Amino acid sequence: MTTETPPTAPIPATPAPAAAAASATPRRPADPAPRRGGGALAVAILISLAALGAAGYTAYTVWSMRQDLGAANGLRGQVDTLQGTVDGLRDDNANLRRRVSDADGVNRSAREEMLGVSERTKNLEDAVANLSERSLSGHDAMLLDEAESLLRMAKERFALFGDASGALSAYDLADKTLAGVNDSAFAAVRQNLTAEREALAAVAPSARASDLDTLADLRAQLPTLPLKDLDAPAGENESRTFWQRAGDALGSIVKVSHDDGTPMGLADDRLARELAALDVAHAEAAVLAYDDLGRAAALKRVDATLAARFKPNAPAVQAARARVAALLASQAKGTEPKLGAALTELRNLRSVHALQAGSAPVAPAGAPVPAPASTAASKATP
């Protein structure tokens, strides 16, 4: 607001000559003092201007206040909206708190139930562990009995019948049975068992069985093989010359032959089949006895008999000699394996375990374990 000063009445300036003339002229009586109505008008105008300025200032102030009031009303609306939003969030927060408290209660009850279930599970595990220990001992005992029976059967079968294939199969089953035993103390038994299996496999049981079958077939085939002279067909004499027939006639009376000092030199040709069959049987016995030298000697005698006493050009004789040569080159060779070490080791270990189990006292279930004497003495001393 600006204040305006009322204008002052201008004082007319009197020129100097007039003043001089006035001083020169005789003095008139002074004019009467002017009326004071002009000053009041100025004051009234001044007051009016002041009132007008105050009214303008008041109007401007009121207008400004109205603008501020509109803005305040807008802010109040926003504040009311925010207050409603905050109230809604507060309600949501209260609901969430109630839900969280309910969830805490559910979690607490679930935790208690879980603790109860874990306790029951622990008790169940203890019971199952005790039961498994008992069943495990029984399971191991059953497997050990089965393995011992298989090893004993393999040993007796090999000793009585020389059945290396059957013994090897029994050893395989025994090894698989011992693999299921949980006690590591029986690992030495499996080592001995593996060594005996390798010894059995080294003598080639399959090839040895095949050789025995071949020898049996050869022994059955010997009575049908044709001899050189006696088994010759009658048609062959028709193509012989006079001197050959005369020699055959004289040969039936006097026969000159070379005596090499062997039984074959003194034997009749009709005994050739029996002697060859005996040699084949000797070869079979040598195969069963794991006598490689005796088998080779018997097979060589059989081949010599076939070459000397039988017709060398006959296909059956040639086939028989080929089979004898194949038997001489067979891979089924080796000394007789010694079985029984694994069985002895198994029996010894089972005896030791039985002694240990019998000497160790078994405490009843739930009974407290007595403390050692040193611990008791230390607790007794203050």
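Colleague: Let's start with H5. What covers the buried residues of H5?

Modeller: The cover includes H3, H4, H8, H9 and helix H10, which is residues 315-328. Keep in mind that this is a predicted model.

Colleague: Okay, and which residues of H5 are buried?

Modeller: Those are Pro205, Arg208, Asp211, Thr214, Leu215 and Leu218.

Colleague: How does the span of H5 compare with what its residues should give?

Modeller: Helix H5 covers residues 205-221, so 17 residues, and at 1.5 Å a residue they should span 24 Å. The end C-alpha atoms are 24 Å apart, which agrees.

Colleague: You listed H3 as part of the cover. What span should H3 have?

Modeller: H3 has 16 residues, and at 1.5 Å a residue they should span 22 Å. Its end C-alpha atoms are 22 Å apart, so that agrees too.

Colleague: What caps the N-terminal end of H3?

Modeller: Asp163 does that: one of its side-chain oxygens lies 3.4 Å from the backbone nitrogen of Ser165.

Colleague: And which residues of H3 are buried?

Modeller: Ala164, Ala167, Leu168, Ala170, Tyr171, Ala174, Asp175, Thr177 and Leu178.

Colleague: Hang on, Asp175 has a charged side chain. What does Asp175 pair with?

Modeller: Asp175 forms a salt bridge with Arg190, with the closest N and O atoms 3.2 Å apart. Arg190 lies in helix H4 (residues 187-202) and Asp175 in helix H3 (residues 164-179), so the pair ties together parts that are 15 residues apart in sequence. The side chain of Asp175 also meets Arg197 in a salt bridge, at 3.3 Å from N to O. That second pair links H3 to H4 as well, with Asp175 and Arg197 22 residues apart.

Colleague: Why can side chains like that pair up at all?

Modeller: Side chains of opposite charge can pair when their charged atoms come close.

Colleague: Are those two arginines buried or partly exposed?

Modeller: Arg190 is partly exposed, with a relative accessible area of 31%. Arg197 counts as partly exposed too, at 25%. Asp175 is at 12%, so it counts as buried.

Colleague: How many salt bridges does the structure hold?

Modeller: It holds 13 salt bridges. One of them pairs Glu148 with Arg350, where the closest N and O atoms are 3.1 Å apart. This pair links distant parts of the chain: Glu148 is in helix H2 (residues 37-161), Arg350 is in helix H11 (residues 341-359), and they are 202 residues apart.

Colleague: Is Glu148 buried or exposed, and what about Arg350?

Modeller: Glu148 has 17% relative accessibility, so it counts as buried. Arg350 has 23%, so it counts as partly exposed.

Colleague: Which residues do shared salt-bridge partners join into one network?

Modeller: Asp145, Glu148, Arg347 and Arg350 are joined that way.

Colleague: New topic: which residues make the nonpolar surface patch of about 380 Å²?

Modeller: Leu41, Ile45, Leu49 and Leu52 make that patch. Leu41 lies in helix H2, and with a relative accessible area of 53% Leu41 is exposed.

Colleague: Last one. What is the phi of Tyr290?

Modeller: Tyr290 has a positive phi of about 55°, although it is not a glycine.

Colleague: Where is Tyr290, and is it buried or exposed?

Modeller: Tyr290 is in the loop between helix H8 (272-288) and helix H9 (292-309). Its relative accessible area is 8%, so Tyr290 is buried.

Methods: Residues are numbered from 1 along each chain as its sequence is written. This is a predicted model: local features need pLDDT of at least 70, side-chain atom pairs count only at pLDDT 80 or more; totals for chains, interfaces and linings use all residues. Side-chain values use heavy atoms; hydrogens and water are left out. A salt bridge is a side-chain nitrogen of Lys or Arg within 4 Å of a carboxyl oxygen of Asp or Glu. Helices (H or I, at least four residues) and strands (E, at least two) are DSSP runs, numbered from the N terminus. Buried means under 20% relative accessible area, exposed over 50%, partly exposed in between (1.4 Å probe, protein chains only). Patches are made of residues with over 30% relative accessible area and no salt bridge: like charges are joined within 9 Å, nonpolar side chains (Val, Leu, Ile, Met, Phe, Trp, Tyr) within 5 Å. Accessible areas come from the Shrake-Rupley method with a 1.4 Å probe; for residues, only the protein chains shown count as cover. The expected span of a helix is 1.5 Å times one less than its number of residues. A polar contact is a pair of N or O atoms within 3.5 Å; within protein, one must be able to donate a hydrogen and the other to accept it, and residues adjacent in sequence count only if both atoms are side-chain atoms. Contact means heavy atoms within 4.5 Å.
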